[in-house]
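Subject: Structure handover

Hi there,

Here is the structure I promised to pass on to you. Please open it alongside this email and have a look around before reading my notes.

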Amino acid sequence: MSALSAVARIAYRASDVLVDSQPSHFADTYRPLANGPRILSAPSGSDAGEIILRNTQARLVSFTTSSSSQVLTRLVLHLAEISSHPVVLHIALQDDLSDAILLRAAVPFFLVSSTPQQAHDNALLASRLAQTERKAVVHAFYPGISPEPLSELPEDKILPFLLSDKRPITPGHVTPITADQQSASITDDPAVSALFKAYEAAALETLTQTRRPLHPVTRQGPVDAHTVILAFGQSATLPEVEGVSYVFHSLLNPLLPSRLLHAIPTCATRVIVLEQVHKWSTKWLPLYLEVVSALQQRDPQSRPVVQSAVLGSTDTVTAADVQALLDQATSTTCLTTRLTLGVAPSPTTGVAAPPSIPKHELAYTKILSHLFNDRLEITNDPALVAAQGAVATTPEYALGRVRGQLDRRADLVSAVQDLLQDSTAPAQLHSLLSKWSLSKDDPAKSKALGSQIVQSLIDQPIKHAAAAKVFELQAHLPARSRWIIGSDAWAYDLGASGLHHALASGLNVNILLLDTAPYSTRTSTDPARRKHDVGLYAMNYGNVFVASCAVFSSYSQVLQCLMEADRYTGPSVVLMHLPYSSEDSSALDVLKETKLA
């Protein structure tokens, strides 16, 4: 069984509300399960943090996602508020902690799981911790597959365990590392110590269910080692080397200085901090600085040398590789040199894969293509990802791209006006430019006249700056139909009130919003609560074209709405209803939900 399936199962059974980031790697596990929580999809490009915060009144909210810089960076903006609610963020890593570690500073608890069994146990622990402490927990795990069957907690025991009363904290139960005598005088921050005691209590309670201890820190090797390697990442064991001890951390927050010092004997002369962080732009890796800070509390005479290293894949690491790391550490004259152990993941050299579009939503894209043909411009088209990266589908990028295109067309209009003032311009070109100026917003005429203008400039070139400008901007001669396509949740998060900016700007842009929430699901949660209405919000501006329709209700009305939005000069918002639960939903199910709405 894979770690992904184990974590998905715990998240499904433990939560009242489950927010799943799209495209989802967890959906295959959720689909066959029954009697579960309310599942909310966070569309690609949306702000998952906003969706989580709208549901924090629930007993427990779980968020499942793959490690994505776009998703997690948006999440950072809301963590200060999310951290004080019972929320578990399950993040499937991809051989790199770089994106997930950004969340660490803003959440009370941060757990890392290296094996599928540990991922199962830590998912259970994270849910219990969030439930009892009413605080956010990040659970980052590596989605590997266990060669042996996992020992899972039965489904009928998960909720009773999570809902059971909190037991009094008994000190000393989860202390896997013997304290060094010199560290006895170290005083930790009381608030951080309280969080650690809460973790210990939850770990002990989880132990009663799983019969497997959950240690925040585990140690491998001799206690009198001259070199200590602190490993943060996917590493359960490393090859034994004489004089070297390893310390593996599964709890990255709270990280007590006293615990770090307990793990480093006073006889150690060198400490190497291994972090599985490959995409880190700053000079110092994040956990290296914490280790250095903790060691400042030791007597300078017994303070070891601390060096930073990047941890790659440990699948093929041998004792010779560890010895090579030690030789590199001792031979370097600059202690700030970043060392490496294991094979680092190769940078992506291929073309970035565009995000998948749900098959039901393709219906509206096809309608747009048939209506506007080659003049259709979808500014956040997933096809742009190959050339411009994942940012191409974000709402901020789409709005900025529209503004840039309209600015370029305004430059073209200005150049045409300058060229019309030139008395030396050929009469034929002058006539074409005059006709284009009068019909530049007409789709058919602007395209035909634009082709003739370009051909005239080629046949009879003239030395004029405006002529060169017109030729340079010839792509903007035809009138385009510009559309931004997204979900209604995506629209709420259009770049921190960006929807307001798009509507207030007066730009000639069309926004197509897909409302995919099934009506039956919406009314079952809180029938008296009205859903966010983007159309009503847009109508308050007075200069925005607003339409609402559904392809499963009236096809002709859909065509009319889209054509009128295209003809309107200014911002347009077209809200399309497409209620479905998953891509497996049949057309008949979508039709039934549409009629309910």
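Below is what I found, first for a pair of helices and then for a sheet.

Please keep in mind that this is a predicted model.

**The helix pair**

Helix α12 (residues 362–372) meets helix α22 (residues 555–567), with axes that come within 11 Å and cross at roughly 60°. That angle falls outside the 65 to 115 degrees of a roughly perpendicular pair, so α12 counts as oblique to α22. The crossing of α12 past α22 is right-handed. On the α12 side, the contact is made by Y364, I367, L368, L371 and F372; α22 contributes Y555, V558, L559, L562, M563 and D566. Sorted by character, the residues of this contact are 10 nonpolar and 1 charged, with no polar ones.

**The sheet**

The other item is an open sheet of 5 strands, paired in parallel and ordered β14-β15-β16-β18-β17. At its edges are β14 (376–378) and β17 (545–549), each of which pairs on one side only. On average, and ignoring direction, neighbouring strands here are turned by 25° against each other.

If you want a closer look at one edge, β17 runs parallel to strand β18 (residues 572–577) and is joined to it by 5 bridges. In one such pairing, C549 has M576 of β18 as its bridge partner.

Helix α14 (residues 395–420) packs on this sheet, where it touches β14 and β15 (481–487). The direction of α14 makes about 175° with that of β15.

Happy exploring, and write back any time!

Best wishes

Note on methods. Residues numbered from 1 in each chain as written. Predicted model: local features only at pLDDT ≥ 70, side-chain atom pairs only at ≥ 80, totals over all residues. Heavy atoms only, no water. Axes fitted to C-alpha atoms, helices over the stretch in contact; angles between N-to-C directions. Helix = DSSP H or I, 4+ residues; strand = E, 2+ residues; numbered from the N terminus. Parallel < 35°, antiparallel > 145°, perpendicular 65-115°, else oblique. Left-handed = near helix turned anticlockwise from the far one by under 90°. Contact = heavy atoms within 4.5 Å. Nonpolar A, V, L, I, M, F, W, Y, C, P; charged D, E, K, R; others polar. Pairing = 2+ DSSP bridges.
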